[in-house]
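Biologist: Please put the model on screen. Then I will ask about its elements, one by one.

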Amino acid sequence: MLVVNRFRVPVGEGETFRVDVELARATLAERPGYVGGAIGRNLDDPELWVLTTTWEHVGAYRRALSSYDVKLHAVPLLGRALDEPSAYEPVEPGADLNIQATRSLG
């Protein structure tokens, strides 16, 4: 599972944001199910940043978000992300994709 969080950060706040996003990534990296992650800043628009993380599955990511350290060091930063969908499933040749459907409670 791939998670993409984009941020709009004024240039004057870039260095402070960099420290915060690096701490958030490192905190997430300590959680079970974390596969990898990267931080980037847009080449054409230096106010646009991205944090991408890869997880074994959606459950690992959701459990990571509920851990105390992540709530303390990553969730406040993730709350600053642009309001857009952030969770993606990998699309690989021949792999079945999730089917959008209402979940059954019974």
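Modeller: First, the terms. Two strands pair if DSSP finds at least two bridges between them. Strands (E, at least two residues) and helices (H or I, at least four) are DSSP runs, numbered from the N terminus. The model is predicted: local features need pLDDT of at least 70, side-chain atom pairs count only at pLDDT 80 or more, and totals for chains, interfaces and linings use all residues. Residues are numbered from 1 along each chain as its sequence is written, and side-chain values use heavy atoms, without hydrogens or water.

Biologist: How many residues join β2 to β3 in the hairpin?

Modeller: β2 and β3 are antiparallel partners, with 7 bridges between them. A hairpin makes the connection from β2 to β3, and its count of residues is 6.

Biologist: Which residue is the bridge partner of Gly 40 in β3?

Modeller: Two positions show how the strands line up. Gly 36 faces Thr 54 of β3. For Gly 40, the bridge partner in β3 is Val 50.

Biologist: Which strands are the edge strands of the sheet?

Modeller: The open sheet has 4 strands, paired antiparallel, in the order β2-β3-β1-β4. An edge strand pairs on one side only, and that describes β2 and β4 (87-88).

Biologist: What span does helix α1 reach from its first C-alpha to its last?

Modeller: α1 covers residues 14-29, 16 residues in total. The expected span is 1.5 Å times one less than the number of residues. For α1 that expectation is 22 Å, and the model comes close to it, with a reach of 22 Å.

Biologist: How many degrees around the axis do the buried residues of α1 cover?

Modeller: Buried means under 20% relative accessible area, exposed over 50%, and partly exposed in between (1.4 Å probe, protein chains only). In α1 the buried residues are Gly 14, Phe 17, Val 21, Ala 24, Thr 27 and Leu 28. They lie on the same side of α1, because their arc (taken from the directions from the helix axis to the C-beta atoms) is only 150 degrees.

Biologist: Which exposed residues does the face of α1 turned away from its buried side carry?

Modeller: The buried residues pack (contact: heavy atoms within 4.5 Å) against β1 (2-8), β2 (34-41), β3 (48-55), α3 (68-73) and α4 (75-78). The face turned away from them carries the exposed residues Glu 15, Thr 16 and Val 19.

Biologist: What N to O distance does the salt bridge of Glu 84 and Arg 6 have?

Modeller: A salt bridge puts a side-chain nitrogen of Lys or Arg within 4 Å of a carboxyl oxygen of Asp or Glu, and the structure holds 4 of them. Both partners here are partly exposed, Glu 84 at 32% and Arg 6 at 30%. Their side chains meet with an N to O distance of 2.7 Å.

Biologist: How many residues apart in sequence are the parts that Glu 13 and Arg 80 tie together?

Modeller: The side chains of Glu 13 and Arg 80 form a salt bridge at 3.8 Å, N to O. Glu 13 is in the loop between β1 and α1 and Arg 80 in the loop between α4 and β4, so the parts they tie together are separated in sequence by 67 residues.

Biologist: Which residue forms a salt bridge with Arg 18?

Modeller: Arg 18 is partly exposed at 41%. Its partner lies 4 residues away in helix α1, about one helical turn. With the closest N and O atoms 3.1 Å apart, that partner is Glu 22.
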